[in-house]
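Let's take a walk through this structure together. Have the sequence and the 3D view ready as you read.

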Amino acid sequence: MSEHESIAVAEFGGDGPPLVLLHGLGGSSREMLPTAWALSDAFRVLLIDQRGHGLSTRRPADLSREAFVDDVVQVLEQYAPGQRCILVGQSMGAHTAFLTAAARPELVERLVMLEGHVAGSDDSGDAAGPGQFFASWPVPFTGEDAARTFLGSGAIVDAWIADLEVTHGGLRPRFDADVMQRTIEAVHEPRWDEWESLGTPTLAMFAKNGMFSDSEKDELVRRRPGTERIDFSAGSHDAHLDAFDEWIGALRGWLLSDTEVPPAR
């Protein structure tokens, strides 16, 4: 992170082990708030707006995967010095979390990846699609109704609309479409070497109607046999929003299997 860039961090919970939540592409830490609240009785939760998103620097010069990892490392060293943390990420955030654990295993106690993968894609359309979609938004929206008319319905749409920034011209997303496309292009580079060498205890979680095929899920575990896997009975790629109860139940169950804590509130 350069001196001209900033990463927004919010903190929840008390004296429990540090746990970092990382959102997906085009999102922000706001969509992770329900997860943070559900875990704050047992963990000290840190919410990060990844670079190019939310309240962090909107147009950072460096959008490499290494830059995203460096941001997380700096947050860990600042907010939890001398402690090993739990990293929990969804989609792009899962990819960031995995690469952080691979690069700095001494900082990471456990890793949870929701709807995340490491294979990348050799189809340029996979990376271009999200950027084209975000670029198609007719912003600024005149109001929430206009945003919903264009974006439709669903849990992820609710999250996008809740995160829109109020400006003099109307409501705008807290990201730029070209930055999103450059970001996802880097995510689509295969990272099997890092995955196969990863030593951190890892849980991979997939939604019933998520992004990945059965063969892709199987390959992730086959190429790193120690990986634990949970398949949800419901939910989309954004299962932390539209399969929340199952997500939290599985997450808490795995993280707290060796710890006695009060039930989720």
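**A loop, a sheet and two pockets**

Start at Ser56, which sits in the loop that runs between strand E3 (44-48) and helix H2 (65-79). Helices (H or I, at least four residues) and strands (E, at least two) are DSSP runs here, numbered from the N terminus. What you're looking at is a predicted model, where local features need pLDDT of at least 70 and side-chain atom pairs count only at pLDDT 80 or more, while totals for chains, interfaces and linings use all residues. Residues are numbered from 1 along each chain as its sequence is written, and side-chain values use heavy atoms, with hydrogens and water left out.

Is Ser56 buried or exposed? Ser56 is buried, as its relative accessible area is 5% (buried means under 20%, exposed over 50%, partly exposed in between, with a 1.4 Å probe and protein chains only). Setting aside neighbours within four places in sequence, Ser56 is in contact (heavy atoms within 4.5 Å) with Ser6, Ile7, Ala8, Asp49, Gln50 and Arg51.

Now for the sheet. It's an open one with seven strands in the order E1-E3-E2-E4-E5-E8-E9, and the pairing is mixed (two strands pair if DSSP finds at least two bridges between them). Strand E1 (9-12) and strand E9 (228-231) are at the edges with a single partner strand each, so one side of each has no neighbour in the sheet. From one strand to the next, the twist averages 20°.

Inside the sheet, strand E5 (residues 108-114) and strand E8 (residues 202-206) pair in the parallel sense over four bridges. Leu111 has Thr202 in E8 as its bridge partner. Helix H9 (residues 214-222) lies across E8 and E9, at about 160° to E9 (axes are lines fitted to C-alpha atoms, for helices over the stretch in contact, and angles run from 0 to 180 degrees between N-to-C directions).

Finally, the pockets. A pocket is an open set of points on a 1 Å grid over the protein atoms alone, with protein on both sides within 12 Å along at least five of seven lines; lining residues have an atom within 4 Å of a point. Volume is the space filled by probe spheres set on the points, which are joined across faces, edges and corners. The largest pocket holds about 730 Å³. It is lined by 31 residues, with Ser91, Ile184, His188, Met211 and His237 the closest to its centre. H4 gives the largest share of that lining, five residues. The second largest pocket has about 160 Å³.

Terms used:
On a 1 Å grid over the protein atoms alone, a cavity is a set of points where a 1.4 Å probe fits but cannot get out, and a pocket is an open set with protein on both sides within 12 Å along at least five of seven lines; lining residues have an atom within 4 Å of a point.
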